[in-house]
Every structure is written in structure tokens, then in C-alpha cells.
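This report describes one protein model for a reader who is new to structures. Keep the sequence and the 3D view at hand while reading.

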Amino acid sequence: MSEKPTASITLADNSQCIEFSTGCPSVLHCLENQKIDVAYQCREGYCGACRATLVSGQVHYNEEPLAFVRDGEILLCCCKPNGNISINLK
């Protein structure tokens with residue numbers, strides 16, 4: 001059974017577009033599968049090291065992150081896109 005794309009993730013700084021597939025646990029995991037280097041520490045939403053700017057679209061969190069997240073920011077390790085999104089990696 002193949003995983004079907006459910007959304008696209010556009011990297012705003014270089015316009016690279018990545019398909020997010022069903023079964024992928026997070027945006028971070030999806031980016032890593034595409035060999036995109038992203039800073040992270042915990043993968044649980046505790047530290048905030050994977051913080052990125054959400055340029056457009058919406059995400060939902062697997063669990064509410066414990067790290068402080070400002071408006072317009074997301075934690076890549078514990079969220080999934082809710083439709084197509086555009087992000088800036090920090």
C-alpha cells in the first residue's frame with residue numbers, strides 16, 4: 001500500500017516543494033526524508049529547536065507543544081500540515 005500525498009510543504013526561501021504523505025508523523029520527518037537539514041533536539045515539542053516561520057497555511061499539532069510558540073511560528077517536530085503550507089526554516 002503506497003502513501004498518498006495529502007498536502008505540500010513549500011520552502012519559501014528557495015520555492016522547493018515537498019509532498020507530505022499520509023502516515024508521516026511530522027513536518028520534520030517529511031523534511032528529513034527529503035534530505036533537508038533541519039535543527040532539532042527533542043522531537044516532542046519541548047525545546048523549540050526546530051522552530052520555523054509559517055508563511056502561509058495552517059498546521060495542527062500531534063500534541064500541544066510545551067515550548068513557547070509565537071504567532072506565525074511552528075515547531076516542525078510535532079506538527080502536520082492542515083492543507084498546503086509555506087515555511088521559512090530558521
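The text below goes from the overall fold to the core, and then to single residues and charged pairs.

## Overall fold

The model is predicted. The protein has one helix and seven strands. Read from the N terminus, the elements follow the order β-β-α-β-β-β-β-β. The C-alpha trace spans about 35 × 30 × 20 Å along its principal axes.

How does the radius of gyration fit a compact globule? A compact globule of 90 residues would have a radius of gyration near 12 Å, and the protein has 12 Å, so the two agree. Of the 90 residues, 39% count as buried. Contacts across the sequence can also be described by how far apart the partners are. Among contacts between residues at least 6 apart in sequence, 44% join residues at least 24 apart.

## The nonpolar core

The largest nonpolar core has 25 residues. Those with the most contacts inside this core are I9, V27, L31, I74, L76 and I87. The elements that each give two or more residues to the core are β1 (5-11), β2 (16-21), α1 (27-33), β3 (51-56), β5 (73-75) and β7 (85-89). Which element gives the most? It is α1, with four residues.

I74 can serve as an example from this core, as it is one of the residues with the most contacts there. Apart from neighbours within four places in sequence, I74 is in contact with C50, R51, A52, L54, V59, Y61, V69, C79 and I87.

## L11 in strand β1

L11 is found in strand β1. Is L11 buried or exposed? The relative accessible area of L11 is 4%, and therefore L11 is buried, the limit being under 20%. Not counting residues up to four places away in sequence, L11 touches Q16, I18, L31, I36, I87 and L89. Two of these partners, L31 and I87, are also among the residues with the most contacts inside the largest nonpolar core.

The chain also brings L11 and N88 together in space: these residues are 77 apart along the chain, and their C-alpha atoms are separated by 5.9 Å.

## Salt bridges

How many salt bridges does the structure hold? There are three. The table lists them with their N to O distances.

| Acidic residue | Basic residue | Distance, N to O |
|---|---|---|
| E32 | R43 | 2.5 Å |
| E73 | R51 | 3.1 Å |
| E73 | R70 | 3.8 Å |

The pair E32 and R43 links distant parts of the chain. E32 is in helix α1, while R43 is in the loop between α1 and β3, eleven residues apart. E32 has 24% relative accessibility and so counts as partly exposed. R43 also counts as partly exposed, because its relative accessibility is 31%. R43 has a further partner: R43 lies over the face of Y40, at 4.4 Å from the ring centre. Pairs between two aromatic rings, on the other hand, come to a count of zero.

The pair E73 and R51 links distant parts of the chain as well. E73 is in strand β5 and R51 in strand β3, 22 residues apart. With 12% relative accessibility, E73 counts as buried. R70, the other partner of E73, counts as partly exposed at 49% relative accessibility. Together, R51, R70 and E73 are linked in a network of salt bridges.

## R51 in strand β3

R51 belongs to this network and lies in strand β3. Why does R51 count as buried? Its relative accessible area is 19%, and buried means under 20%, so R51 falls within the limit.

Leaving aside neighbours within four places in sequence, R51 is in contact with F68, V69, R70, E73, I74, L75 and K90. This list includes both R70 and E73, the residues linked with R51 in the network of salt bridges. The list also includes I74, one of the residues with the most contacts inside the largest nonpolar core. The C-alpha atoms of R51 and A67 are separated by 9.6 Å, and these two residues are 16 apart along the chain.

Definitions and conventions: Residues are numbered from 1 along each chain as its sequence is written. This is a predicted model: local features need pLDDT of at least 70, side-chain atom pairs count only at pLDDT 80 or more; totals for chains, interfaces and linings use all residues. Side-chain values use heavy atoms; hydrogens and water are left out. A nonpolar core is a set of buried Ala, Val, Leu, Ile, Met, Phe, Trp, Tyr and Cys residues joined through side-chain atoms within 4.5 Å. Buried means under 20% relative accessible area, exposed over 50%, partly exposed in between (1.4 Å probe, protein chains only). Contact means heavy atoms within 4.5 Å. A salt bridge is a side-chain nitrogen of Lys or Arg within 4 Å of a carboxyl oxygen of Asp or Glu. Rings of Phe, Tyr and Trp (its six-membered ring) pair if their centres lie within 6.5 Å; planes under 30 degrees apart count as stacked, over 60 as edge-to-face and the rest as tilted. A charge sits over a ring if NZ of Lys or CZ of Arg is within 6 Å of the ring centre and within 35 degrees of the ring normal. The radius of gyration is taken over C-alpha atoms; the globule rule is 2.2 Å times the number of residues to the power 0.38.
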